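Here's a quick briefing to read with the structure open beside you. It goes through the cysteines, one helix and its start, and then how far to trust the model.

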Amino acid sequence: MERNSRFQRAFARGTERIIFSAVGGRNALRTLCFAISSNAAENNGTFTCASAGTIPATATEMGSGTGLYNIAPCLVTEYLAAMPDDPSDADAVWTSETSYATGYTILRNATTGAITIAAPSAELSVVISITR
C-alpha cells in the first residue's frame with residue numbers, strides 16, 4: 001500500500017509540472033511555447049532573440065549561466081511576468097532576467113523548424129514535453 005501511495009504522490013508532482021508553474025499556476029510548458037510563438041508572430045514568423053541567438057538544435061536548458069540558452073530577456077516583461085521553473089529540479093530558480101535556471105530544455109528541429117520544450121527532471125521516467 002505504501003508503494004502505491006509513493007507512486008501516486010510522484011505522479012501528482014509530474015502532473016503539477018505539466019499543469020502548474022511557479023508563475024501564476026499556469027501550464028509551464030505551454031506558457032513558454034505561447035510566449036515563444038507570440039515573439040515569432042511579431043517578427044514575421046521567426047523567433048527573434050538577440051541575447052540568445054538562434055534556438056539550439058540540441059536540447060539545451062534555458063537559463064542565464066554558461067552553456068545555457070538565455071531566452072528570458074526576450075520573453076520576460078513582453079510576454080511573461082517571470083520565467084517558470086521546474087518544481088522537480090532542485091537547481092531551478094527564478095531571480096531575474098540575469099540570474100535564473102528554468103530546469104526546462106528547448107530545441108529547434110533543423111529540418112521541420114518545430115520547437116520542443118521539455119521537463120527532463122520528470123519523475124517516474126515520464127517524458128514531459130510539448131512541440132510546436
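Let's start with a cysteine: Cys74 has a relative accessible area of 12%, so it falls under the 20% cut-off and counts as buried. Keep in mind that this is a predicted model. Cys74 is bonded to Cys49, with the two sulfur atoms 2.0 Å apart.

**The disulfide**

- How many disulfides are there? The count comes to 1, and the pair is Cys49 and Cys74.
- Cys49 sits in the loop between α2 and β1, while Cys74 belongs to helix α3 (residues 72–75), so the bond ties together parts 25 residues apart in sequence.
- The torsion about the S-S bond is about 85°, which makes this disulfide right-handed.
- Is Cys49 buried or exposed? Its relative accessibility is 6%, so Cys49 is buried.
- Another cysteine, Cys33, is buried too, at 3% relative accessibility.

**Helix α2**

- Helix α2 covers residues 28–42, 15 residues in total. From first C-alpha to last it reaches 21 Å, close to the 21 Å expected at 1.5 Å a residue.
- Plenty of its residues are tucked away: the buried ones are Ala28, Leu29, Thr31, Leu32, Cys33, Ala35, Ile36, Ser38, Asn39 and Ala40.
- As a reminder for reading that list, an α-helix has 3.6 residues a turn, so residues three or four places apart point the same way.
- Just past the end of α2, Asn44 takes a positive phi of about 55°.

**Asn27, at the start of α2**

- Asn27 lies in the loop between α1 and α2, and at 15% relative accessibility it counts as buried.
- Which backbone nitrogens does the Asn27 side chain contact? A side-chain oxygen of Asn27 comes within 3.1 Å of the backbone nitrogen of Leu29, and a polar atom of the same residue's side chain is 2.7 Å from the backbone nitrogen of Arg30.
- Asn27 and Pro84 are 57 residues apart along the chain, yet their C-alpha atoms are separated by 9.1 Å.

**How confident is the prediction?**

- The chain averages a pLDDT of 85, and 80% of the residues score at least 70.
- Among the elements, strand β1 (residues 60–63) has the highest mean pLDDT, at 97, and helix α1 (residues 2–19) has the lowest, at 58.
- Over residues 19–26 the pLDDT is below 50, though in the model this stretch has 17 contacts beyond near neighbours in sequence.

Methods. Residues are numbered from 1 along each chain as its sequence is written. Side-chain values use heavy atoms; hydrogens and water are left out. Helices (H or I, at least four residues) and strands (E, at least two) are DSSP runs, numbered from the N terminus. The expected span of a helix is 1.5 Å times one less than its number of residues. Buried means under 20% relative accessible area, exposed over 50%, partly exposed in between (1.4 Å probe, protein chains only). A polar contact is a pair of N or O atoms within 3.5 Å; within protein, one must be able to donate a hydrogen and the other to accept it, and residues adjacent in sequence count only if both atoms are side-chain atoms. pLDDT is the predictor's confidence in each residue, from 0 to 100. Contact means heavy atoms within 4.5 Å. A disulfide is a pair of cysteine sulfur atoms within 2.5 Å.
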